[in-house]
Amino acid sequence: MAIHTDLPIYKSSYELLQAASLLVKNFPRSVKGSIGEAIQDACVRIVLLVAKANAARNKLAHLDEMLERVMEAELLIRLAKDMKFISISQYASSVLLTDAIGKQANGWRKASSPAA
């Protein structure tokens, strides 16, 4: 078992958390505590779930929750783009990260499933 901080999915997840923190910085005050905080919470949860999945014997539950949090983060970031709180390029770079995390989590999930 590798140290979770050495995993590529951890690095992508942490990069998403960093990007989300910068995105939220420029949100209007009226939504910073709601949409902004929800984005950051989802991203923090994704990073923590990487560590939990890495340490667990049965990784599937953690990986399933991680995929849900990735979808949650994507949805909220899309909302921020549609509400014009972030630019299209900021949105695009965030989606690249969520796509990378989703692909890695799905691959990890397949490798960890009992049939594999």
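1. A residue is called buried when its relative accessible area is under 20%, exposed when over 50%, and partly exposed in between. With a relative accessible area of 23%, Lys81 is therefore partly exposed. Please keep in mind as you read that this is a predicted model.

2. A good place to begin is helix H3, which covers residues 60–82. How far apart are its end C-alpha atoms? They are 33 Å apart, and this agrees with the 33 Å that 23 residues should span at 1.5 Å a residue.

3. Next, look at which parts of H3 are hidden. Its buried residues are Leu60, Leu63, Met66, Leu67, Val70, Ala73, Leu76, Ile77 and Ala80. Many of the gaps in that list are easier to read with a general point in mind: an α-helix has 3.6 residues a turn, so residues three or four places apart point the same way. What covers the buried residues of H3? The cover includes helix H1 (8–25), helix H2 (29–55) and helix H4 (88–112).

4. Now to the charged side chains. Side chains of opposite charge can pair when their charged atoms come close. How many salt bridges does a search of the whole structure find? The search finds 6. One of them joins Glu65 to Arg45, with the closest N and O atoms 3.1 Å apart. Glu65 lies in helix H3 and Arg45 in helix H2, so this pair ties together parts that are 20 residues apart in sequence.

5. Are the two partners of that bridge buried or partly exposed? Glu65 is partly exposed, at a relative accessible area of 23%, and Arg45 is also partly exposed, at 26%. The pair belongs to a network of salt bridges that links Arg45, Glu65, Arg69 and Glu72.

6. Towards the end of the H3 range, have a look at Asp82, which takes part in two of the pairings described here. With Arg78 it forms a salt bridge whose closest N and O atoms are 3.8 Å apart. Arg78 and Asp82 are 4 residues apart in helix H3, so about one helical turn separates them. Asp82 also forms a salt bridge with Lys81, and here the closest N and O atoms are 3.0 Å apart. Arg78 counts as partly exposed at 47% relative accessibility, and Asp82 counts as partly exposed at 44%.

7. What follows H3? Lys84 does, and its phi is positive, near 65 degrees. Lys84 has this positive phi although it is not a glycine. Its place is in the loop between H3 and H4. At 71% relative accessibility, Lys84 counts as exposed, because the cut-off for that word is over 50%.

8. Two serines are worth a visit as well. Ser13 is found in helix H1, and at 1% relative accessibility it counts as buried. Which residues does Ser13 touch? Leaving aside residues up to four places away in sequence, it touches Ile46, Val47, Val50 and Ile101.

9. The other serine, Ser94, is found in helix H4. Ser94 counts as buried, with 1% relative accessibility. Not counting residues up to four places away in sequence, Ser94 touches Leu16, Leu23 and Ile77. Ile77 brings us back to helix H3, where it is one of the buried residues.

Terms used:
Residues are numbered from 1 along each chain as its sequence is written. This is a predicted model: local features need pLDDT of at least 70, side-chain atom pairs count only at pLDDT 80 or more; totals for chains, interfaces and linings use all residues. Side-chain values use heavy atoms; hydrogens and water are left out. Helices (H or I, at least four residues) and strands (E, at least two) are DSSP runs, numbered from the N terminus. The expected span of a helix is 1.5 Å times one less than its number of residues. Buried means under 20% relative accessible area, exposed over 50%, partly exposed in between (1.4 Å probe, protein chains only). Contact means heavy atoms within 4.5 Å. A salt bridge is a side-chain nitrogen of Lys or Arg within 4 Å of a carboxyl oxygen of Asp or Glu.
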